[in-house]
Amino acid sequence: MPQRQRQVSVNFLGKKRRSVGVATGNNAAWRCRCGRSLWLIGHTLSCSPGGPNTPAGRVECPHCRRHYFVVPRATAGNGAKRAIRVEEIPPLN
Ligand SMILES: [Zn+2]
């Protein structure tokens, strides 16, 4: 079966700004709000256990340095975690 392409919401910080990205399995791709022409791509696998609190759980736009987190669906057990949403998050201090 072909890898299913799903639309996921991308939530930017402040003013409830949103966009749409695409996901397949645990991977997601989206456009940064800075207007960088290439898409950002990230996955949920390196998120455990620290999630967005660890550098490996984040995606940084190489153009504007904004940070994003690919949100996994909360599931019991192990294995790949499906990407359900992308959130812009504040940089780590
Ligand atoms: Zn950017």
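**Entry 1: Gly25 and its turn**

I began at Gly25, which counts as partly exposed because it has 15 C-beta neighbours inside 10 Å, a number that falls between the limit of 12 or fewer for exposed and that of 20 or more for buried. I note here that the model I am reading is a predicted one. Gly25 is found in the loop between strand S2 (18–24) and S3, and I wanted to know what kind of connection this loop makes. S2 and S3 turn out to form a hairpin with two residues between them, and Gly25 in the turn has a positive phi of about 60°. The two strands pair in the antiparallel sense over three bridges, and I found Thr24 standing opposite Asn27 in S3. I also looked up a separation across the chain: Gly25 and His43 are 18 residues apart along it, and their C-alpha atoms are separated by 8.8 Å.

**Entry 2: along S3 and over to S4**

Next I followed strand S3 (residues 27–30), which pairs with S4 in the antiparallel sense over four bridges. The bridge partner of Ala28 in S4 is Gly42, while Trp30 stands opposite Leu40 in S4. Which residues of S3 point to one face and are buried? They are Ala28 and Trp30, whereas Asn27 and Ala29 point to the other face and are not buried. I set this beside the general expectation that in a regular strand the side chains alternate between the two faces of the sheet.

**Entry 3: the whole sheet**

I then stepped back to the protein as a whole, in which I counted zero helices and seven strands, so that from the N terminus on the elements read β-β-β-β-β-β-β. The strands make an open sheet in the order S4-S3-S2-S1-S7-S6-S5, with mixed pairing. Why is one side of S4 and of S5 left without a neighbour in the sheet? Strand S4 (40–43) and strand S5 (59–60) stand at the edges and each has a single partner strand, so a side of each remains free of a neighbour there. For the protein overall I also wrote down that 23% of its 93 residues count as buried, and that, among contacts between residues at least 6 apart in sequence, 36% join residues at least 24 apart.

**Entry 4: S5, S6 and the turn at Arg65**

At the S5 edge I looked up the pairing with S6, where two bridges join the strands, which run antiparallel; the bridge partner of Val59 in S6 is Tyr68. S5 and S6 form a hairpin with six residues between them, and Arg65 has its place in that loop between S5 and S6. Arg65 caught my attention for its positive phi of about 70°, although it is not a glycine. Most residues other than glycine have a negative phi. Is Arg65 buried or exposed? Arg65 is exposed, because 10 other C-beta atoms lie within 10 Å of its own and a residue with 12 or fewer is classed that way.

**Entry 5: S6, S7 and the core**

Strand S6 (residues 67–72) is largely enclosed by the rest of the structure, since five of its six residues are buried. On its other pairing, S6 and strand S7 (residues 83–89) are antiparallel over six bridges, with Val71 standing opposite Arg85 in S7. I then looked for the largest nonpolar core, which has 13 residues, and those with the most contacts inside it are Ala28, Val70 and Val86. S3, S6 and S7 each supply at least two residues of this core, and S6 gives the most, with four residues. For Val86 I listed the contacts beyond its neighbours within four places in sequence, and they include Val8, Val10, Ala28, Trp30 and Val70.

**Entry 6: Arg82, and back to the first turn**

My last look was at Arg82, which lies in the loop between S6 and S7 and counts as partly exposed because it has 18 C-beta neighbours inside 10 Å. Which residues is Arg82 in contact with, leaving aside its neighbours within four places in sequence? They are Gly25, Asn26, Pro72 and Arg73, which brought me back to the glycine of my opening entry. Arg82 and Asn26 are 56 residues apart in sequence, and 4.4 Å apart in space from C-alpha to C-alpha.

How values were computed. Residues are numbered from 1 along each chain as its sequence is written. This is a predicted model: local features need pLDDT of at least 70, side-chain atom pairs count only at pLDDT 80 or more; totals for chains, interfaces and linings use all residues. Two strands pair if DSSP finds at least two bridges between them. Two residues are in contact if their C-beta atoms, placed from the backbone, lie within 7 Å. A nonpolar core is a set of buried Ala, Val, Leu, Ile, Met, Phe, Trp, Tyr and Cys residues joined through C-beta atoms within 7 Å.
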